[in-house]
There are 2 protein chains.
Amino acid sequence: MQPKTNTLVLVVDDDSRILRLVRVNLERAGFEVDTASNGVAALEQFDARPPDAVVLDVTMPGLDGFTLTRRIREISSVPIILLTAIGEQSQKVKGLDIGADDYLTKPFDPDELVARLRALLRRTQAGSSGEEAHSLDAGDLKIDFVRRKVEFRGEPVKLTPTEYKLLQQLAQNAGKVIPNADLLSKVWGPEYRDESGYLWVYIRALRQKIEPDPSNPQYIISEPGFGYRLQVPKSETGS
Amino acid sequence: MQPKTNTLVLVVDDDSRILRLVRVNLERAGFEVDTASNGVAALEQFDARPPDAVVLDVTMPGLDGFTLTRRIREISSVPIILLTAIGEQSQKVKGLDIGADDYLTKPFDPDELVARLRALLRRTQAGSSGEEAHSLDAGDLKIDFVRRKVEFRGEPVKLTPTEYKLLQQLAQNAGKVIPNADLLSKVWGPEYRDESGYLWVYIRALRQKIEPDPSNPQYIISEPGFGYRLQVPKSETGS
DNA sequence: CGTGCCCTTAAGAAAGCCTTAAGATGAGTC
DNA sequence: GACTCATCTTAAGGCTTTCTTAAGGGCACG
């Protein structure tokens, strides 16, 4: 697929030679590139022009790659690739744990970076294997899965990680009834299959935040004895 | 139905003892098994013979289980079960996040692996290749199995879990007579095989809700001495 | 008549769901 | 390392719905 819209990649590294190397290679591969040489500048860039993917070095003065990953994850689920120096082996796990999507060890092959970037973008953009929607629009309730943002009546809603996960499960099967055990298994893990109490607490929390009248649910409907369902008035899951 | 096609499971672990242990148990349970001892080999195997499910170890040299999961998810939505060492507690959540379906902590009970595998396959296979209809449309009576909704004359009908289960059994064999013992066994469990009283009570409840004239049943017909049958006028079972 | 099967009814027991709140946990900050 | 804050976990009470159980009535068939 051609770049109908250019794909913007933000590259962050304190080493200007690497910055240039990556830029050249990515641009030759058809990407548009923004660069930043430290964490603070990266966040500013991120706000100014939200990129479609981020490549960042782990070891940087000031905000390091891990912290930066975490910060970005607070506001976006954009694909992130970490560049780790060799020997930082143990840290790669940490990187993935806190939300990075992939990593490369330096020195790295620029072509491999391009390949991984493409693979990531394919997954997140087209939803390659699954056909998961990127957003959901149900009357007062809007969910942007890419940015991890939820809006209720035009106002942004602040959800905790667990709340978001739960809502996401509901939203990705909008209209269908999801058995309690499935929700518990997907959000908390298979061994929580029978812990319905967790659901009650978190369903309530969600209702408080995204229901016009929390004690008279319009969106999050319980199907007693079975599970929950996210009601969508008429419409559709966006592009 | 017989194993028209054997279910193929790809098992990936760098420990050959575990590989053998799992292979033996899965084969005894009727699965066909492919194995690989590292990530790269696994991907090659995957391409050569796409399996119906994947079991993989998290900690492996080279491509670890997480990365492998992600790679596989880029091209397929097969069920994936992760094997995590004890103490990798925090990572299990990540495993589910990136697309695994279940996990077991080592040391694990081979029987449990088989059980979880079956559960996963039941869910995914039934959905895709599914033989079961998604809806039933019989004159005044409409059933949407996905949304778990029943309509009678355009009005939504509220059913209790047990009522729904019973109606579902009838509807999925619409037109055919189902023996009492079968219904009891499917809805309440095998040990209720002889408790016809339950049926009478719940059949009546259903008739009250979905029959034009409950005392003159048109849909739920009893076949004295055998069982019950859901009558469909000319009838279609939807897509 | 008497027996077996099915229908109807209703009341106590049980389960499911909602709500609340307090303690534990963990990440971020200084 | 101690402090702070948000989040998660856990437990308990109340309310509503659903399930279970038992008993009585009709109807057909011998």
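This is a short chat about a predicted model with protein chains A and B and DNA strands C and D.

Reader: Ground rules before we start. How are residues, chains and ligands numbered or lettered?

Author: Residues count from 1 along each chain as its sequence is written, while chains are lettered from A and ligands numbered from 1 in the order in which they are written. The model is predicted, and local features need pLDDT of at least 70, side-chain atom pairs count only at pLDDT 80 or more, and totals for chains, interfaces and linings use all residues.

Reader: What is the mean pLDDT of chain A?

Author: It is 82, and 84% of the residues of chain A reach 70 or more. pLDDT is the predictor's confidence in each residue, from 0 to 100.

Reader: Where does pLDDT stay under 50 in chain A?

Author: One stretch is residues 127-131, with 10 contacts beyond four places in sequence. Another is residues 235-239, with 11 such contacts. Two residues are in contact if their C-beta atoms, placed from the backbone, lie within 7 Å.

Reader: Switching to DNA. Which residues come nearest to strand C?

Author: A:W200, A:S215, A:S222, B:W200 and B:S222, out of 21 residues around the strand. Near means that the C-beta atom, placed from the backbone, lies within 6 Å.

Reader: Which elements give two or more residues there?

Author: α8 of chain A and α8 (196-210) of chain B. The largest share, 6 residues, comes from α8(B). Helices (H or I, at least four residues) and strands (E, at least two) are DSSP runs, numbered from the N terminus.

Reader: How does that surface divide by class?

Author: Into 8 nonpolar, 9 polar and 4 charged residues. Ala, Val, Leu, Ile, Met, Phe, Trp, Tyr, Cys and Pro count as nonpolar, Asp, Glu, Lys and Arg as charged, and the others, Gly among them, as polar.

Reader: And strand D, which residues come nearest?

Author: A:T160, A:P161, A:T162, B:T160 and B:T162, of 17 around DNA strand D. α6 and α8 of chain A, along with α6 (161-172) and α8 of chain B, each supply at least two residues. By class, this surface has 8 nonpolar, 7 polar and 2 charged residues.

Reader: At what angle do α6 and α8 of chain A pack?

Author: At about 90°, with axes 10 Å apart; α6 covers residues 161-172 and α8 covers 196-210. That makes α6(A) roughly perpendicular to α8(A), a label for angles of 65 to 115 degrees. Axes are lines fitted to C-alpha atoms, for helices over the stretch in contact, and angles run from 0 to 180 degrees between N-to-C directions.

Reader: Which residues meet there?

Author: A:T162, A:E163, A:L166 and A:L167 in α6(A) meet A:Y202, A:A205 and A:L206 in α8(A). The contact has 5 nonpolar, 1 polar and 1 charged residues.

Reader: Now sheets. What is the strand order in the open sheet of 4 strands?

Author: β6-β7-β8-β9 in chain A, with antiparallel pairing. Strands pair if DSSP finds at least two bridges between them. The edges are β6 (135-138) and β9 (155-157).

Reader: What packs on that sheet?

Author: α8(A), touching β7, β8 and β9 of chain A; its direction makes about 55° with that of β8(A).

Reader: Chain B, then. What order do the 3 strands take?

Author: β10-β12-β11, again an open sheet with antiparallel pairing. The twist averages 30° from one strand to the next. α6(B) packs on this sheet, touching β10, β11 and β12 of chain B.

Methods
Angles under 35 degrees count as roughly parallel, over 145 as roughly antiparallel, 65 to 115 as roughly perpendicular and the rest as oblique.
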